[in-house]
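These are my notebook entries on a single protein chain. I set down what I looked up, one topic at a time.

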Amino acid sequence: VDDSTNALLQHAPDCEYAQANKQVDLSAPGAFATALCRCQIQRGHTLPPLPPSNTVVRPKRIKPTECSYSSVQSLRTDLGNRAHSGLASKLRDSTFVGCVSRNRSLIQWGIELLMIDHFELARELFYQLALAKFGSTEENIATLGGGGVDVRLAIESVLSSDDEDGNTPGSQSVSATDTNIELAEQATRCLSEHADMLKEYFSIRMEHKKMPIADTNGGDSEVRLMLTGLPVLLEGHSPTPHALPIFLLRLATEVDWKEEKPCFEGVCTELGAYYADIPFQDDEESATNVEEVKNDNPELIDAAAKRYVQHVIYPAISFLLVPPKEFASDGTVVKLALLTSLYKVFERC
């Protein structure tokens with residue numbers, strides 16, 4: 001190995017690739033493919049480790065807030081008990097190769113090519129960050145523009161989206177609409193009742209504001225519950241607007257509000273799912289994607305999502321995530337190829 005860097009691989013003098021490829025930069029994505037030769041198979045256990053890429057901005061470590069609640073302490077202890085140290089080391093020392101789809105991407109660790117479910121990893125990451133920032137100060141809240149988001153209208157939009165596509169005009173559609181409005185009001189009341197707790201513990205700020213009533217000439221107004229702030233779980237990251245309505249609905253309906261520990265765990269879980277959602281490309285890039293489809297070359301993930309995964313999610317997963325043991329066996333992280341196995345295949349060709 002070259003003394004100037006521990007990321008350069010050098011072929012043996014008698015290797016058939018010694019002249020063509022004297023050195024291989026293992027930090028380059030796909031470098032394992034150019035290192036396929038017998039001398040490296042024989043010396044596989046001595047291959048140099050990959051250093052952190054210079055293009056990856058390492059996020060700041062998050063120091064957990066002080067908390068005296070036994071339920072929060074128990075949840076934080078569970079993270080340590082579930083941790084898989086070997087998987088954490090692989091993620092920390094890996095190099096990003098590329099995206100496969102909106103949920104999957106490839107990374108390289110040593111002589112291994114791994115496929116990861118970056119959405120599941122991100123969901124667990126943001127769950128852990130929400131738990132670590134439990135009870136943060138006002139500084140952890142990002143204020144939403146435009147006076148905030150009307151909670152009831154946002155929830156209504158989720159409940160009515162299927163009806164708009166699936167129902168025909170008539171009494172059945174009217175009945176479904178009335179039901180959706182009633183469900184949205186119930187969900188809004190639930191969030192209103194727990195607004196103080198959500199703000200104090202999770203930096204989810206909801207406020208009652210007087211808002212003008214639509215289609216009225218007299219300037220009438222009514223008090224509405226507005227979402228005006230969300231927590232900053234990761235610097236440089238913002239949750240996607242299109243996933244906000246379903247987040248509010250699930251926050252009201254999927255959280256156990258009666259028991260302390262399940263409640264805190266449920267809110268962190270919903271925050272994790274919301275913040276891990278992958279963004280969609282803008283209109284300009286969408287036009288480019290349409291051309292790709294016309295050319296019979298559609299991609300499973302757009303350019304905006306690729307940038308988000310590579311430059312925001314992957315660095316955070318690499319340096320901040322404490323991966324649980326189940327991720328090593330449930331398909332979240334899968335070893336696709338090993339240098340030794342790949343060489344045997346190419347040798348027979």
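**Entry 1. The hairpin of β3 and β4**

I began with β3 and β4, which form a hairpin with four residues between them. The model I am reading is a predicted one. Strand β3 covers residues 95-99 and pairs with β4 in the antiparallel sense over four bridges. To fix the register I looked up one pair: G98 stands opposite L106 in β4.

**Entry 2. The hairpin of β4 and β5**

I then followed the chain into the next hairpin, in which β4 and β5 are separated by two residues. Strand β4 spans residues 104-109, and six bridges join it to β5 in an antiparallel arrangement. At the end of β4, I found that W109 has E112 of β5 as its bridge partner. In the turn, G110 has a positive phi of about 60°.

**Entry 3. The other partner of β5**

I next looked up the pairing of β5 with β10, a strand of residues 333-338. Five bridges join the two, and they run antiparallel. Two positions give the register here: M115 stands opposite V334 in β10, and L114 has K335 as its bridge partner in that strand.

**Entry 4. The sheet as a whole**

I put the pairings together. The result is an open sheet of four strands in the order β3-β4-β5-β10, with antiparallel pairing. Which strands stand at the edges? They are β3 and β10; each has a single partner strand, so one side of each is left without a neighbour in the sheet. From one strand to the next, the twist averages 25°. I noted also that α5 packs on this sheet, where it touches β4, β5 and β10, and that its direction makes about 65° with that of β5. A second helix, α12 (residues 303-320), lies across β3 and β4 and runs at about 155° to β3.

**Entry 5. Burial of β5**

Is β5 mostly covered or mostly open? I found strand β5, residues 112-117, to be mostly covered, with six of its six residues buried. I recalled that in a regular strand the side chains alternate between the two faces of the sheet. I therefore checked each face of β5 separately, taking buried to mean under 20% relative accessible area. On one side E112, L114 and I116 are buried, and on the other L113, M115 and D117 are buried, so that both faces of the strand are covered. Two charged residues, E112 and D117, are thus among the buried ones.

**Entry 6. The packing of α5 on α10**

I returned to α5 (residues 118-132) and looked up its packing against α10 (residues 260-275). The two helices pack at an angle of about 135°, with their axes 7 Å apart. They are therefore oblique to each other. The crossing of α5 past α10 is right-handed. From α5, the residues in this contact are F119, A122, R123, F126, Y127, A130 and L131. From α10, they are E265, C268, T269, L271, G272, A273 and Y275. By class, the residues of the contact divide into 10 nonpolar, two polar and two charged.

**Entry 7. Burial of α9**

I examined helix α9 (residues 244-253) for burial. This helix is mostly covered, as seven of its 10 residues are buried. The buried residues I listed are L244, P245, F247, L248, L249, L251 and A252.

**Entry 8. Two single residues**

I looked up S203 for its backbone: its phi is positive, about 60°, although S203 is not a glycine. S203 lies in the loop between α8 (195-202) and β8 (205-212). Is S203 buried or exposed? S203 is buried, with a relative accessible area of 1%.

I then turned to N81, which is found in helix α3 (residues 70-82). N81 is exposed, with a relative accessible area of 53%. Its C-alpha atom and that of P324 are separated by 8.4 Å, while the two residues are 243 apart along the chain.

**Entry 9. The whole chain**

I closed with the totals. The protein chain has 13 helices and 10 strands. Of its 349 residues, 43% count as buried. How much of the contact is between residues at least 24 apart? Among contacts between residues at least 6 apart in sequence, 70% join residues at least 24 apart.

Note on methods
Residues are numbered from 1 along each chain as its sequence is written. This is a predicted model: local features need pLDDT of at least 70, side-chain atom pairs count only at pLDDT 80 or more; totals for chains, interfaces and linings use all residues. Side-chain values use heavy atoms; hydrogens and water are left out. Buried means under 20% relative accessible area, exposed over 50%, partly exposed in between (1.4 Å probe, protein chains only). Two strands pair if DSSP finds at least two bridges between them. Axes are lines fitted to C-alpha atoms, for helices over the stretch in contact, and angles run from 0 to 180 degrees between N-to-C directions. Angles under 35 degrees count as roughly parallel, over 145 as roughly antiparallel, 65 to 115 as roughly perpendicular and the rest as oblique. A crossing is left-handed if the near helix is turned anticlockwise from the far one by less than a right angle, and right-handed if clockwise. Contact means heavy atoms within 4.5 Å.
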